[in-house]
Amino acid sequence: MYKYSKVPDHNKKIDVKNRIAVVYASGTIVTGKGNNTNIGGNYYAEVIRKERKDTSVKAIVLRVNSPGGNAIASDIMWRELELAAKVKPVVVSMGNYAASGGYYISAPATKIYANPTTISGSIGVFGLIPNAGKLLEQKLGLSTEFVNTNENSEFPSVYRPMHSYEQEIMQRSIENVYTDFVAKVASGRDMSVQSVDSIGQGRVWSGTSSLKIGLVDEMGGLDDAIKGAAELAGIETWSVRELPVIEDPYMKLLSQLSGEVKMNFLKKELGESVKYYNMVQEIRDLSGIQARLPYFIEIR
């Protein structure tokens, strides 16, 4: 399929002076560089920044297929997309879902496309601090002791439950992130804060409903979004630059051989249940304030 996708379309006019950057953002939004199964906030911010500064790139299309993720990573990407939208059209194309953090990064776009069945919205956040104290002590026989410089110096801690004061601080932080989230959506969509809050609070909307309430602008797929970006940029011919750059298959095989062997072993041992193992691994990495759907969705 990769070879077929590279066959030139003789009906398409290519213009190397006018490029449209198509950035694929698929998976959970995480901090740092991430990997090929998620969206690394810092890495994608660098990619978007580079395309913003490239004068041959006349528009950016962000293909979002994400349930959200880390709130800070989402905000880092939002900032770069907002800066890009000030100098060139930024068009978002929503896939199966673009919810919570996935919508957060979509908010500053010049125009948003979605499919009728796209899961969107979920404008909300939650906090997660695991408490593994009993697990470590009762199952593994490990106990912990603290030497503190002050009463809350080890907060947040995964070795004990939170105190009432710490819960209050956590709740305040969550509410601050939510307020910021709502304000940014209101600014990007030219809506009032009250209107966004009324359709926010974690509510999930289909693509059709999102169009009615103003969260998206038009129904359409990726091709429609690219054509729409070209129209906004005022260009008739263009070439598409797909990002992130796909790693050479041979080098990828060498770098991930040990991981593939491990995954094949797990698939053999667990069968279809391996997906639950992957979910647990993802939950293990969740910490702090999250702008994401509070559940996993499997689309068949």
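Visitor: Which residue in β6 is the bridge partner of L62?
Guide: The model shown here is predicted. In it, β4 and β6 pair in the parallel sense, with 6 bridges between them. Within that pairing, the partner that L62 finds in β6 is V92.

Visitor: Which residue in β7 does V92 stand opposite?
Guide: Strand β6 also pairs with β7, again in the parallel sense, over 3 bridges. Across that pairing, V92 stands opposite I112.

Visitor: What is the bridge partner of Y97 in β8?
Guide: Strand β8 covers residues 119-121 and runs parallel to β6, to which 3 bridges join it. The residue of β8 that bridges to Y97 is I119.

Visitor: How many of the 10 residues of β6 are buried?
Guide: A residue counts as buried when its relative accessible area is under 20%. Strand β6 is largely enclosed by the rest of the structure, because the number of its 10 residues that are buried is 9.

Visitor: Is S100 buried or exposed?
Guide: S100 lies in the loop between β6 and α4. Its phi is positive, about 50°, although S100 is not a glycine. The relative accessibility of S100 is 0%, so it counts as buried.

Visitor: Where does Q201 lie?
Guide: Q201 is another residue other than glycine with a positive phi, in this case near 55°. Helix α7 spans 193-199 and strand β10 spans 204-206; Q201 lies in the loop between α7 and β10.

Visitor: Which strands do the buried residues of α9 pack against?
Guide: Helix α9 runs over residues 222-233. Its buried residues are L222, A225, I226, G228, A229 and A230. They pack against β1, β4, β6, β7 and β12.

Visitor: How far does α9 reach from its first C-alpha to its last?
Guide: Helix α9 has 12 residues, and the expected rise is 1.5 Å a residue. The reach of α9 is close to the expected span, and its value is 16 Å.

Visitor: Which residue follows α9?
Guide: Helix α9 ends at residue 233. The residue after the helix has a positive phi, near 75°, and is G234.

Visitor: How are the rings of Y43 and Y44 arranged?
Guide: The whole structure holds 2 aromatic pairs. In the pair of Y43 and Y44, the ring centres lie 5.8 Å apart and the planes stand at 90°, so the arrangement is edge-to-face.

Visitor: Is Y44 buried or exposed?
Guide: Its ring partner Y43 is partly exposed, with a relative accessible area of 27%. For Y44 the relative accessible area is 6%, and because the cut-off for burial is under 20%, Y44 is buried.

Visitor: How many residues apart in sequence are the parts tied together by Y104 and F181?
Guide: Y104 and F181 form a tilted aromatic pair, 4.7 Å from centre to centre and with 40° between the planes. Y104 lies in α4 (residues 101-104) and F181 in α6 (residues 164-189), so the pair ties together parts whose separation in residues is 77.

Visitor: Which residue lies over the face of W78?
Guide: Here a charge sits over a ring. At 4.1 Å from the ring centre of W78 lies K184.

Visitor: Which residue does a cis peptide bond join to F155?
Guide: The omega of this bond is about 0°. The second residue of the bond lies in the loop between α5 (133-139) and α6. That residue is P156.

Visitor: What is omega for the cis peptide bond that joins L243 and P244?
Guide: P244 lies in the loop between β12 and α10, the latter spanning 249-255. The bond from L243 to P244 is cis, with an omega of about -5°.

Visitor: Which residues is L142 in contact with, leaving aside neighbours within four places in sequence?
Guide: L142 is placed in the loop between α5 and α6. Its relative accessibility is 47%, so L142 counts as partly exposed. Beyond those sequence neighbours, the contacts of L142 are L136 and E137.

Visitor: What share of the 300 residues in the protein chain is buried?
Guide: The secondary structure of the chain comes to 12 helices and 13 strands. Of its accessible surface, about 17,500 Å², carbon and sulfur atoms hold 53%. The buried share of the 300 residues is 39%.

Terms used
Residues numbered from 1 in each chain as written. Predicted model: local features only at pLDDT ≥ 70, side-chain atom pairs only at ≥ 80, totals over all residues. Heavy atoms only, no water. Helix = DSSP H or I, 4+ residues; strand = E, 2+ residues; numbered from the N terminus. Expected span 1.5 Å × (residues − 1). Buried < 20%, exposed > 50% of the residue type's maximum accessible area, 1.4 Å probe, protein only. Contact = heavy atoms within 4.5 Å. Pairing = 2+ DSSP bridges. Phe/Tyr/Trp six-rings, centres within 6.5 Å; stacked < 30°, edge-to-face > 60°. Lys NZ or Arg CZ within 6 Å of the ring centre and 35° of its normal. Areas by Shrake-Rupley, 256 points an atom, 1.4 Å probe, with all protein chains shown as cover.
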